[in-house]
Amino acid sequence: MSTPVSLLLTCLFMFTLALPQTAAGQEAALDILPIRPFNFDISFNQRTFAPQARVIAAQVGITALRYGPLEMRTVYQYYSHHTPTFVTDQHSLFLNPRWNNFIDVLDFPRTRPINRIIRHVLFGPLEERAVPYVGTLIGGTLPGRSDASPGYLYGGQVGVRFPVARGFSVDMGLQYTRFEIDFKGKSDLSQQWLFTIGVRL
């Protein structure tokens with residue numbers, strides 16, 4: 001197993017241990033295909049290889065299950081960059097485990113909880129409706145190690161979701177990924193920053 005994958009699995013394990021102890025005593029039920037399972041996002045990204053340009057990509061995902069503040073999503077992302085000299089089309093499929101309302105682990109001291117202060121500063125009048133989250137990404141891309149061979153993808157994200165109505169919410173996030181991609185016959189590891197904004201239905 002490669003070092004990046006081992007590191008990511010270790011981080012996931014530590015992420016699980018970091019959950020608040022009270023979560024184990026709460027009535028958390030496994031929810032398969034919960035409310036607002038589908039998401040549609042437009043992403044604006046900057047990458048370091050293949051090619052180095054700011055472009056727009058689209059992604060669609062589904063929340064397969066939710067357990068308390070944790071949820072597991074599966075996301076497909078399509079990226080396309082066409083110029084007179086080259087064409088780059090990339091397909092990515094990855095798992096996206098998320099920890100919702102992660103800042104609520106800072107629910108202390110009793111008189112003025114840190115998480116309430118953070119919510120007020122970041123979200124103002126929407127602090128009661130905001131659902132901040134952190135997540136990890138792990139999956140693959142095509143093209144990857146060659147034009148016809150997939151490559152690996154991993155990364156992380158932080159964002160916030162605002163429920164607007166039952167069955168509808170707005171989602172904004174910042175995502176960082178590293179992945180293999182083949183470009184003009186050469187395979188390399190690219191880094192990518194994405195700002196995503198979309199809806200969940």
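Contact here means heavy atoms within 4.5 Å, and in this predicted model that criterion gives a first point of entry at Asn115, a residue placed in helix α2. Leaving aside residues up to four places away in sequence, Asn115 touches Ile103, Asp104, Leu106 and Asp107. Its relative accessible area is 4%, and Asn115 therefore counts as buried, since the cut-off for that class is under 20%.

Helix α2, which spans residues 114-123, also carries Arg116, and the charged contacts of this side chain are worth following one after the other. With Glu127 the side chain of Arg116 meets in a salt bridge, the distance from N to O being 3.6 Å. Because Arg116 belongs to helix α2 while Glu127 lies in the loop between α2 and β6 (131-146), this pair ties together parts that are eleven residues apart in sequence. A salt bridge also joins the side chains of Arg116 and Glu128, here with an N to O distance of 2.4 Å. This pair likewise links distant parts of the chain, with Arg116 in helix α2 and Glu128 in the loop between α2 and β6, twelve residues apart. The residues involved can be placed by their accessibility: Arg116 is partly exposed at 30%, Glu127 is buried at 15%, and Glu128 is exposed at 62%.

Elsewhere, salt bridges that share partners join Arg66, Glu71, Arg98, Asp171 and Arg200 into one network. Within this network the side chains of Glu71 and Arg66 meet at 3.3 Å, again taken from N to O, and Glu71 has a relative accessible area of 3%, so this acidic residue is buried. Arg98, another member of the network, has its charged end over the ring of Tyr133, at 3.7 Å from the ring centre. In total, the count of salt bridges in the model comes to eight.

The aromatic residues offer a further set of contacts, for the structure holds four aromatic pairs. In one of them, the rings of Tyr176 and Trp193 have centres 4.9 Å apart and planes at 50°, so the pair is classed as tilted, given that planes under 30 degrees apart would count as stacked and those over 60 as edge-to-face. The two residues lie in distant parts of the chain, Tyr176 in strand β8 and Trp193 in strand β9, and 17 residues separate them. Both are partly exposed, with relative accessible areas of 23% for Tyr176 and 48% for Trp193.

Trp193 leads on to the surface, where this residue joins Ile42, Phe44, Ile56, Val158, Leu174, Phe195 and Ile197 in a nonpolar patch whose accessible area together is about 720 Å². Which strands each supply at least two residues of the nonpolar patch? They are β2 (38-47) and β9 (186-200), and β9 gives the largest share, three residues. Leu174, also a member of the patch, lies in strand β8, which covers residues 168-183. At a relative accessible area of 39%, Leu174 is partly exposed, and that value satisfies the patch criterion because residues there need over 30% relative accessible area. Strand β8 thus holds both the patch residue Leu174 and Tyr176, the ring partner of Trp193.

Key: Residues numbered from 1 in each chain as written. Predicted model: local features only at pLDDT ≥ 70, side-chain atom pairs only at ≥ 80, totals over all residues. Heavy atoms only, no water. Patch = residues over 30% accessible without salt bridge, like charges linked within 9 Å, V, L, I, M, F, W, Y side chains within 5 Å. Areas by Shrake-Rupley, 256 points an atom, 1.4 Å probe, with all protein chains shown as cover. Salt bridge = Lys/Arg side-chain N within 4 Å of Asp/Glu carboxyl O. Helix = DSSP H or I, 4+ residues; strand = E, 2+ residues; numbered from the N terminus. Buried < 20%, exposed > 50% of the residue type's maximum accessible area, 1.4 Å probe, protein only. Phe/Tyr/Trp six-rings, centres within 6.5 Å; stacked < 30°, edge-to-face > 60°. Lys NZ or Arg CZ within 6 Å of the ring centre and 35° of its normal.
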